[in-house]
Structures are given as C-alpha cells and as structure tokens.
Amino acid sequence: MDDNDCPAAEPLLNRRTILKFVAGAPLVATFGFVASPLLRYLKPTMEAGSFFQSADLPKAEQSVQFRKNDFPDIWTCIPFLLPVRYLVFNPEEYETRKIPAFIISTAANKVVAFSRICTHCRHTQPVNFLSNTAELPYIEQSKTPVLCCPCACDLSTFDPTDGRVLSGPAHRPLRRIDVSFDGECYRIIGLEQGGIA
C-alpha cells in the first residue's frame with residue numbers, strides 16, 4: 001500500500017469551521033444578554049453576574065421582642081409592625097417597609113406570628129383577629145378564633161395556629177414570621193421566604 005492511498009488529514013481550522021464560529025457568535029452573545037436578567041429574576045442580587053452569591057432577600061431590620069408574661073392566656077393576640085429591609089435599585093440601595101403582623105399564643109408555651117397582609121386582596125386593611133365568630137354571620141362559625149380579612153370582596157378566613165386558609169377566595173396561607181424563644185423573651189427573627197407580605 002503506498003502513501004497516496006491514505007486520505008489526507010484535514011486541517012484543524014478550515015474555512016468552514018471558521019464560518020461556523022463567526023455565524024454562532026451572535027447567538028452566543030444573545031443568549032448571554034438574555035440569560036443574565038433571567039438568572040437575576042430567579043435569584044435576585046444587587047450585582048450583575050453574582051448568581052453564585054446568596055440571594056438579596058428581605059431581612060428584619062431590627063429585632064422585635066415580647067416577654068413571656070405578655071401572653072397570660074391562650075389566644076392572646078398582639079399586633080405589631082415588623083420593619084423589613086428590602087434591597088431595591090435606588091441610590092440608597094435599600095428601602096424599609098413596616099409590615100403589619102400578629103403574634104399569637106395558641107397553646108401553653110406555643111407562640112406563632114403571621115403577616116396581617118391578606119394573600120388574596122393585599123389591601124391596606126390588615127387581617128383582623130376574631131375571638132368570637134358569632135359576631136359576623138357571613139363567615140363560617142368556629143369554636144376557636146380565626147383571622148379574617150375585612151375586605152368586602154374577599155372575606156377570607158385563616159387558621160391562627162398555622163395560617164392556612166379556612167374559607168374564602170384566598171389560595172395561599174398567611175406568610176409566617178419566624179419566632180425564637182430563649183426562655184424569657186420571644187424574638188421576631190424574620191419573614192418566611194417566598195411568601196406574600
């Protein structure tokens with residue numbers, strides 16, 4: 001067999017390969033321009049290209065505290081405002097919003113907290129704590145207290161032990177607020193991630 005019978009090896013970079021790279025470069029650039037905002041939407045961060053850092057999620061700006069003796073009975077409900085810092089695109093790079101909330105003793109040594117913003121209507125009228133449901137004939141009667149949205153178009157009611165929807169057009173539970181207890185004080189740590197508040 002002589003050397004003329006072997007096919008010649010093609011050069012690594014020929015004209016066709018170079019043209020494929022030139023034609024594909026705009027597609028790669030377009031994908032890069034689309035991918036960056038999409039990734040920032042999926043995981044919000046203040047700086048572009050920082051997908052691998054932790055997300056810039058809302059955080060409680062200051063700790064709100066309640067003493068153990070603030071809850072003498074079961075179903076003691078205390079309204080409060082939770083200052084939350086949101087990172088936004090403005091010169092200060094943040095904004096503080098005061099979220100209306102409840103802290104409720106549901107059983108002996110069990111305290112929960114929820115945002116008072118209804119997950120359906122999200123109006124400025126906060127959700128109310130009703131200890132006696134017989135006062136309002138248009139909601140389902142309950143032996144335990146309920147959280148009720150006062151909006152006339154809504155009338156959603158929520159369970160005060162876990163925030164789940166009992167009745168009405170709301171589909172999502174109230175946003176839970178994280179609470180820690182150190183033996184003396186209940187401290188509001190922050191908001192549950194991913195809820196509406």
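**Exercise 1. The seven-stranded sheet**

Task: In this predicted model, find the strand order of the open sheet of seven strands, and name its edge strands.

Solution:
- Step 1. Trace the sheet from one side to the other. The order is β1-β3-β4-β5-β10-β11-β2.
- Step 2. Check the direction of the strands. The pairing is antiparallel.
- Step 3. Look at the ends of that order. β1 (59–60) and β2 are the edge strands, and each pairs on one side only.

**Exercise 2. Pairing inside the sheet**

Task: How many bridges join β1 to β3, β3 to β4, and β2 to β11? Give one residue pair for each.

Solution:
- Step 1. Start at β1. Two bridges hold β1 and β3 together in the antiparallel sense. Lys59 faces Arg85 of β3 across this pairing.
- Step 2. Move on to β3 and β4. This antiparallel pair has 10 bridges. Cys77 has Ile104 in β4 as its bridge partner.
- Step 3. Go to the other edge. β2 and β11 run antiparallel and are joined by four bridges. Here Phe66 stands opposite Tyr186 of β11.

**Exercise 3. The four-stranded sheet**

Task: Which strands form the open sheet of four, and which stand at the edges?

Solution:
- Step 1. Read the order: β6-β7-β8-β9, with antiparallel pairing.
- Step 2. Find the edges. β6 (128–130) and β9 (165–167) each have a single partner strand, so one side of each has no neighbour in the sheet.
- Step 3. Inspect one pairing. Three bridges link β6 to β7 (residues 146–148), and the two run antiparallel. Within this pairing, Phe129 has Leu147 as its bridge partner in β7.

**Exercise 4. The nonpolar cores**

Task: How many residues are in the largest nonpolar core, and which elements give two or more residues to this core?

Solution:
- Step 1. Count the core. The largest has 18 residues. Those with the most contacts inside this core are Phe66, Phe80, Leu82, Ile103, Ile177 and Ile188.
- Step 2. List the contributing elements. β2 (64–67), β3 (77–86), β4 (95–107), β5 (110–115) and β11 (185–191) give two or more residues each.
- Step 3. Pick out the top contributor. β3 gives the most, with five residues.
- Step 4. Ask how enclosed β3 is. Seven of its 10 residues are buried, so β3 is largely enclosed by the rest of the structure.
- Step 5. Zoom in on Ile177. Leaving aside neighbours within four places in sequence, its contacts include Phe80, Leu82, Ile188 and Leu191.
- Step 6. Look for another core. A second, separate one has 14 residues, among them Phe102, Val112, Cys121 and Cys151.
- Step 7. Recall the general tendency. In soluble globular proteins, nonpolar side chains tend to be buried together.

**Exercise 5. Cysteines**

Task: How many disulfides does a search of the whole structure find? Is Cys148 buried or exposed?

Solution:
- Step 1. Search the whole structure. The result is zero disulfides.
- Step 2. Test Cys148. The nearest cysteine sulfur belongs to Cys149 and is 6.9 Å away. A disulfide needs the two sulfur atoms within 2.5 Å, so this pair fails.
- Step 3. Check accessibility. Buried means under 20% relative accessible area. Cys148 has 3%, so Cys148 is buried. Cys185 has 16%, so Cys185 is buried too.

**Exercise 6. A buried threonine in a loop**

Task: Where is Thr76 found, and what is Thr76 in contact with?

Solution:
- Step 1. Place the residue. Thr76 is in the loop between β2 and β3.
- Step 2. Apply the burial cut-off. The relative accessibility of Thr76 is 17%, so Thr76 counts as buried.
- Step 3. Find a polar partner. A polar side-chain atom of Thr76 lies 2.7 Å from the backbone oxygen of Asp73.
- Step 4. Collect the contacts beyond four places in sequence. These are Asp70, Phe71, Ile103, Ile104 and Ser105.

**Exercise 7. The whole chain**

Task: How many helices and strands does the protein chain have, and what is its mean pLDDT?

Solution:
- Step 1. Count the elements. There is one helix, and there are 11 strands. Along the sequence, the pattern is α-β-β-β-β-β-β-β-β-β-β-β.
- Step 2. Note burial. Buried residues make up 31% of the 197 residues.
- Step 3. Read the confidence. The mean pLDDT is 79, and 76% of the residues reach 70 or more.
- Step 4. Compare the elements. β1 has the lowest mean pLDDT, 76, and β5 has the highest, 92.
- Step 5. Keep a caution in mind. Where pLDDT is low, the predicted coordinates should not be read in detail.

Definitions and conventions. Residues are numbered from 1 along each chain as its sequence is written. This is a predicted model: local features need pLDDT of at least 70, side-chain atom pairs count only at pLDDT 80 or more; totals for chains, interfaces and linings use all residues. Side-chain values use heavy atoms; hydrogens and water are left out. A nonpolar core is a set of buried Ala, Val, Leu, Ile, Met, Phe, Trp, Tyr and Cys residues joined through side-chain atoms within 4.5 Å. Buried means under 20% relative accessible area, exposed over 50%, partly exposed in between (1.4 Å probe, protein chains only). Contact means heavy atoms within 4.5 Å. Two strands pair if DSSP finds at least two bridges between them. A polar contact is a pair of N or O atoms within 3.5 Å; within protein, one must be able to donate a hydrogen and the other to accept it, and residues adjacent in sequence count only if both atoms are side-chain atoms. pLDDT is the predictor's confidence in each residue, from 0 to 100.
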